[in-house]
Amino acid sequence: MNTLVRMVGMFLFLFLVNHVSEAYNCCPKCGSIDVPYPLSTDDNCGDPRYKVYCNHGILEFLSARGFYYKILSINPSAYKLIISPPPIKKGTCYSSDFSSEGLKLDENLPFNISTHNTVMLFNCTDRLLDSPLNCSSSSFCRQFEDNVVEGIGCKNTLCCHYLKDSAMTSHMIRIRAIGCTAYTSVVNMKPGSSFDSWTYGIELQWVPAN
Ligand SMILES: *[C@@H]1O[C@H](CO)[C@@H](O)[C@H](O)[C@H]1NC(C)=O
Ligand SMILES: *[C@@H]1O[C@H](CO)[C@@H](O)[C@H](O)[C@H]1NC(C)=O
Ligand SMILES: *[C@@H]1O[C@H](CO)[C@@H](O)[C@H](O)[C@H]1NC(C)=O
């Protein structure tokens, strides 16, 4: 009887150990960046619903339109990660994801765009003036055009900014020829902050895995 109890106990112990480690089966590092659970670079690790990609040592997020964005940082305890805004093509005022109309997240996946992003739009058409966006001469986008631009063709364009808050779709940052042709984003922009203190990125958050 004693042996049986011990065997059952041992079995339960092994079962639990196995299960716990399975539930928190983290993926290996990608380049120099840790891939915390539940993010998954492979079917054998993480939670496959939280798919990210390790392409040649660079961790990337895939949009619904097939465009890859580099992951700059991950905060697993806040369920957040920051992706790089797409580069603006040299000598033009077009974001490199212009052909897919900007960033579009798959609504069936557990990711959305957080409410901490200040989006700047460039080379906009007049119809943007009727929008609630801030297209004034004091808009943050002016500072970007006047100071940050190097080799970028966004100079003296009609530009606007907005805080991507909860009143807006949390799955898209849209650009297009009849709107604006380029964009960038700053995470946690502080009022009155100057361009040299900005942290460029698009913060995404995910639904907790359990
Ligand atoms: C700005 O957008 C227009 C289309 O609205 C385009 O024809 C033009 O080339 C763009 N400007 C630059 C500098 O890319
Ligand atoms: C536009 O944004 C700037 C910078 O945040 C701010 O100073 C200004 O009051 C805003 N203008 C409007 C019309 O909201
Ligand atoms: C985005 O996802 C988070 C985490 O699931 C959720 O709390 C938040 O309400 C979502 N935001 C929007 C605007 O849907």
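For sorting the residues around a ligand, Ala, Val, Leu, Ile, Met, Phe, Trp, Tyr, Cys and Pro count as nonpolar, Asp, Glu, Lys and Arg as charged, and the others, Gly among them, as polar. The model shown in every view is a predicted one.

**View 1. The surroundings of ligand 2.** Five residues sit around ligand 2: Asn134, Ser136, Ser138, Ser139 and Phe140. Sorted by class, this shell comes out as four polar residues, one nonpolar and no charged ones. With Phe counted as nonpolar, Phe140 is the residue to pick out here.

**View 2. The surroundings of ligand 1.** Here the shell is made up of Thr92, Cys93, Tyr94, Asn123, Thr125, Gly153, Ala177 and Thr181. Five of these residues are polar and three nonpolar, with no charged residue in the set. Cys, Tyr and Ala go in the nonpolar class, which picks out Cys93, Tyr94 and Ala177.

**View 3. The surroundings of ligand 3.** Look for Asn112, Ser166, Ser170, Gln205 and Val207 around ligand 3. The split is one nonpolar residue to four polar, and again no charged residue turns up. Val belongs with the nonpolar residues, so that one is Val207.

**View 4. An open sheet of three strands.** The strands line up in the order β10-β9-β12, and their pairing is antiparallel. β10 (160–163) and β12 (182–187) are the edge strands; each has a single partner strand, so one side of each has no neighbour in the sheet. Going from one strand to the next, the twist averages 20°.

**View 5. Strand β9, its partner β12 and a helix on the sheet.** Strand β9 covers residues 117–122 and is joined to β12 by six bridges, the two running antiparallel. To follow one pairing by eye, start at Thr118, whose bridge partner in β12 is Val186. Helix α2 (residues 140–148) packs on the sheet and touches β9, β10 and β12. The direction of α2 makes about 60° with that of β9.

**View 6. Ser114, in a loop.** Ser114 belongs to the loop that links β8 (111–113) to β9. Is this residue buried or exposed? Ser114 is buried, because 20 other C-beta atoms lie within 10 Å and the cut-off for buried is 20 or more. Leaving aside residues up to four places away in sequence, Ser114 touches Lys80, Glu203, Leu204 and Gln205. Lys80 is 34 residues from Ser114 in sequence, yet their C-alpha atoms are 8.4 Å apart. Gln205 links this view to another one, as it is also among the residues around ligand 3.

Terms used
Residues numbered from 1 in each chain as written. Chains lettered and ligands numbered in written order. Predicted model: local features only at pLDDT ≥ 70, side-chain atom pairs only at ≥ 80, totals over all residues. Near = placed C-beta within 6 Å. Pairing = 2+ DSSP bridges. Helix = DSSP H or I, 4+ residues; strand = E, 2+ residues; numbered from the N terminus. Axes fitted to C-alpha atoms, helices over the stretch in contact; angles between N-to-C directions. Contact = placed C-beta atoms within 7 Å. Buried ≥ 20, exposed ≤ 12 C-beta atoms within 10 Å, placed from the backbone.
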